[in-house]
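Please find below my notes on the model you sent, set out as numbered points. They are meant to be read with the coordinates open.

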Amino acid sequence: MNCIVCLKQVPDTETQIKIAQDGMSVVTDNVKWVMNPYEEYAVEEALRLKEKLGGEVTVIGVGPKRVTESIRTALAMGADKGILVDDPSTIGSDSLGIAKILAAVIKDLSFDIILCGKQGVDDDYGVVGSGLAELLGIPQISVVVKLEVSEDGSTIKAHKEVEGGTLIIESPLPALVTAQKGLNEPRYASLPGIMKAKKKPLDIKTVADLGLDATQVGESGSKIKIVQLTPPEERKAGQIVEGETPQEKAANLAKLLHEEAKII
Amino acid sequence: MAQGIWIVAEQREGELRKISYELVSEGRRLADQLSQPLTAILLGSKVKEKAKELGKYGADKVIVADDERLATYTTDAYVTVIAQLAQAHEPVIILLGASVQGKDLSGRLAARLGVGVAQECVSFSLENGNLVAKRPIYAGKAYATVTFKDSVPQMATARPNVFELNEPNESRSTEVVDAEFSLDDSQLKTKVVEFQQEAGSKVDLTEAERIVSGGRGMKGPENYNILEELADLIAATVGASRSAVDAGWRPHSDQVGQTGKVVSPNLYIACGISGAIQHLAGMSTSKVIVAINKDPEAPIFQKADYGVIGDLFDVIPALTEEIRKII
């Protein structure tokens with residue numbers, strides 16, 4: 001079972017987001033960059049499949065050199081090799097652009113299953129996975145919280161989280177799955193794992209290496225253009241509900257919700 | 001030439017979901033501004049009678065693709081059919097719901113049509129006839145206004161619970177037509193084998209009008225019954241903070257925040273939640289926020305319309321009693 005994990009590097013979820021002077025980007029000084037949390041589940045699941053069924057786990061990232069750290073983290077967790085597409089022409093790619101780059105990397109690899117996180121916690125698009133599946137012409141199952149592979153390794157059964165319940169979906173392999181929180185508990189990289197990861201192969205590729213035309217990716221190939229970034233509307237702190245006892249406070253709150261907010 | 005605005009309605013087990021009406025309502029507003037017709041696309045099995053419902057909210061026309069294989073959503077079947085329809089009719093804008101289904105569908109459909117898709121939008125406007133969409137990024141820590149390039153149609157998904165519903169007009173006339181499409185069984189790779197409904201008939205957090213959420217201050221899973229009781233009384237859904245989920249007290253599907261669900265109910269009651277930034281990002285678009293917390297310094301109070309400083313184990317049961325008296 002050869003697994004491919006596509007990963008993104010994102011600002012840690014504790015990051016305060018500041019909009020840059022240009023009004024179109026986010027200030028990245030002092031940002032702590034981490035592997036996208038949903039990709040941690042994807043890496044973990046790939047490792048579990050490998051442990052059960054053998055094969056290799058390849059991790060692919062797109063972005064500047066700092067992304068090697070996240071790929072190394074995946075290698076330290078137990079993945080076998082990494083590929084980073086590091087090319088200035090990829091900057092400003094939209095989801096479809098990233099999917100094109102990933103598809104170009106993957107077309108030369110042999111794989112049974114591709115795992116991605118369900119979305120990046122930065123741009124929150126969540127469409128790289130489905131775009132990639134479409135470009136490769138393979139089925140997709142998104143937002144998966146449980147994954148089973150048949151004994152002969154030819155099909156999967158995935159539990160997909162939907163509003164109010166879970167769908168159980170079967171698919172032949174190869175297929176692409178996007179990971180939701182709950183799929184597993186990602187392991188930490190062990191010290192020996194970190195040492196070993198340093199010697200594992202990590203290829204750096206350019207867009208030209210992939211046979212892609214630079215105008216198809218990056219800002220020039222992007223179908224979505226950011227015009228402006230704005231901070232969320234400031235919420236003003238409201239009132240502290242008065243009262244001597246919890247009962248009094250509760251009574252006053254109930255009254256406010258009923259009479260002032262008219263919401264109950 | 002490309003023309004018309006489309007919305008893709010959503011049904012489950014033959015019943016239209018609320019997001020369908022929200023899409024028609026918003027689509028109507030855009031269609032009026034562009035002086036173009038609004039068409040709703042409805043896929044399912046034996047769903048034709050539902051088409052009129054979409055008309056009442058503002059659809060001029062409903063194209064119905066009725067087929068047993070479309071009864072339940074699958075990516076393969078729905079993308080195949082809608083892509084064919086879009087290629088045949090060339091709408092300028094397609095709006096879908098930012099539901100689990102809509103997000104799955106829109107991503108693949110956009111890739112098939114080679115166009116951009118703006119996800120989880122909270123408002124739309126038009127500039128020189130082109131769609132301008134506003135969408136949260138970093139789970140709402142910032143908002144991006146985006147436009148489209150080389151995209152016909154321009155595709156976007158609308159976040160549930162954000163767009164106002166039109167008053168249904170019973171006398172509106174709507175043209176209902178059968179879709180022309182071809183669907184080959186060999187195109188259908190995935191198969192839905194089962195739908196496991198969550199216990200109880202609670203509304204999903206992303207669609208809930210009211211949410212009662214509990215965090216680390218709940219002290220343990222056994223204490224959520226006081227939230228359940230309040231939630232039952234006011235028809236709310238129970239949510240949780242990341243720390244409560246990571247502690248294993250609540251299932252991850254209950255998590256509100258950046259690695260959970262982003263919600264925008266009319267009423268959000270945060271109980272024993274301090275208000276970590278990744279939690280605040282996920283709920284700060286709620287219309288009314290109530291915070292109940294022992295710690296007067298908790299950041300959640302900076303976002304709350306009504307703050308109660310006190311022990312939630314005293315305040316919540318008392319609140320439940322007080323509300324019971326009122327309603």
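1. In this predicted model, the interface between the two chains brings 77 residues of chain B into contact with 70 residues of chain A. On the chain B side, the largest share, eight residues, is supplied by helix α4 (residues 100-113) of chain B. Sorted by class, the side of chain B that touches chain A consists of 34 nonpolar, 23 polar and 20 charged residues.

2. One part of the meeting of the two chains is a helix pair, in which helix α7 (residues 246-260) of chain A and helix α8 (residues 312-326) of chain B pack with their axes 8 Å apart and at an angle of about 45°. That angle makes α7(A) oblique to α8(B), and the crossing of α7(A) and α8(B) is right-handed. From α7(A) the contact draws on A:Pro246, A:Gln247, A:Lys249, A:Ala250, A:Ala251, A:Leu253, A:Ala254 and A:His258, while α8(B) contributes B:Asp314, B:Val315, B:Ala318, B:Leu319, B:Glu322, B:Ile323 and B:Ile326. By class, this contact of α7(A) with α8(B) has 10 nonpolar, two polar and three charged residues.

3. Strand pairing also joins the chains, since strand β13 (residues 239-240) of chain A and strand β18 (residues 306-309) of chain B pair in the parallel sense over two bridges. Within this pairing, A:Ile240 stands opposite B:Gly307 in β18(B).

4. A further joint element is an open sheet of 10 strands with mixed pairing, whose order is β11(A)-β5(A)-β4(A)-β1(A)-β6(A)-β10(A)-β7(A)-β8(A)-β9(A)-β13(B). Its edges are β11 (202-205) of chain A and β13 (191-197) of chain B, and because each has a single partner strand, one side of each is left without a neighbour in the sheet. From one strand to the next, the twist averages 30°.

5. Inside that sheet, strand β8 (residues 155-162) of chain A pairs with strand β9 (residues 165-172) of chain A in the antiparallel sense over eight bridges, and A:Thr155 has A:Pro172 as its bridge partner in β9(A). Helix α4 (residues 128-136) of chain A packs on the sheet, where it touches β1 (3-7), β6 (113-117), β7 (140-149) and β10 (175-179) of chain A, and its direction makes about 80° with that of β7(A).

6. Helix α4 of chain A has a helical neighbour as well, for the axes of helix α3 (residues 95-106) of chain A and α4(A) come within 8 Å and cross at roughly 45°. The two helices α3(A) and α4(A) are therefore oblique to each other, and their crossing is right-handed. The residues that make the contact are A:Ser95, A:Leu96, A:Ile98, A:Ala99, A:Lys100, A:Leu102, A:Ala103 and A:Ile106 of α3(A), together with A:Val128, A:Gly131, A:Leu132, A:Leu135 and A:Leu136 of α4(A). By class, the contact of α3(A) with α4(A) has 10 nonpolar, two polar and one charged residues.

7. Chain B has its own open sheet of seven strands, in the order β7-β11-β6-β1-β4-β5-β12, and the pairing there is parallel. The edge strands, each pairing on one side only, are β7 (117-121) and β12 (175-178) of chain B. On average, and with direction ignored, neighbouring strands of this sheet are turned by 20° against each other. As one example of the pairing, strand β4 (residues 38-44) of chain B and strand β5 (residues 61-66) of chain B run in the parallel sense over six bridges, with B:Gly44 opposite B:Asp66 in β5(B).

8. Two helices of chain B may be read against these strands. Helix α1 (residues 18-34) of chain B lies across β1 (5-8), β4, β6 (93-97) and β11 (154-158) of chain B, and runs at about 175° to β1(B). Helix α4(B) packs on the sheet and touches β6, β7 and β11 of chain B, its direction making about 170° with that of β11(B).

9. As for domains, chain A is assigned domain 1 (3-221) and domain 2 (236-264), whose C-alpha centres lie 46 Å apart. Chain B is divided into domain 1 (5-187) and domain 2 (205-326), and in this chain the C-alpha centres of the two domains lie 32 Å apart. The contact between the domains of chain B takes nine residues from domain 1 and 12 residues from domain 2. The side of domain 1 of chain B that touches domain 2 of chain B has, by class, five nonpolar, two polar and two charged residues.

Notes. Residues numbered from 1 in each chain as written. Chains lettered and ligands numbered in written order. Predicted model: local features only at pLDDT ≥ 70, side-chain atom pairs only at ≥ 80, totals over all residues. Axes fitted to C-alpha atoms, helices over the stretch in contact; angles between N-to-C directions. Helix = DSSP H or I, 4+ residues; strand = E, 2+ residues; numbered from the N terminus. Parallel < 35°, antiparallel > 145°, perpendicular 65-115°, else oblique. Left-handed = near helix turned anticlockwise from the far one by under 90°. Contact = placed C-beta atoms within 7 Å. Nonpolar A, V, L, I, M, F, W, Y, C, P; charged D, E, K, R; others polar. Domains from an automatic or database assignment. Pairing = 2+ DSSP bridges.
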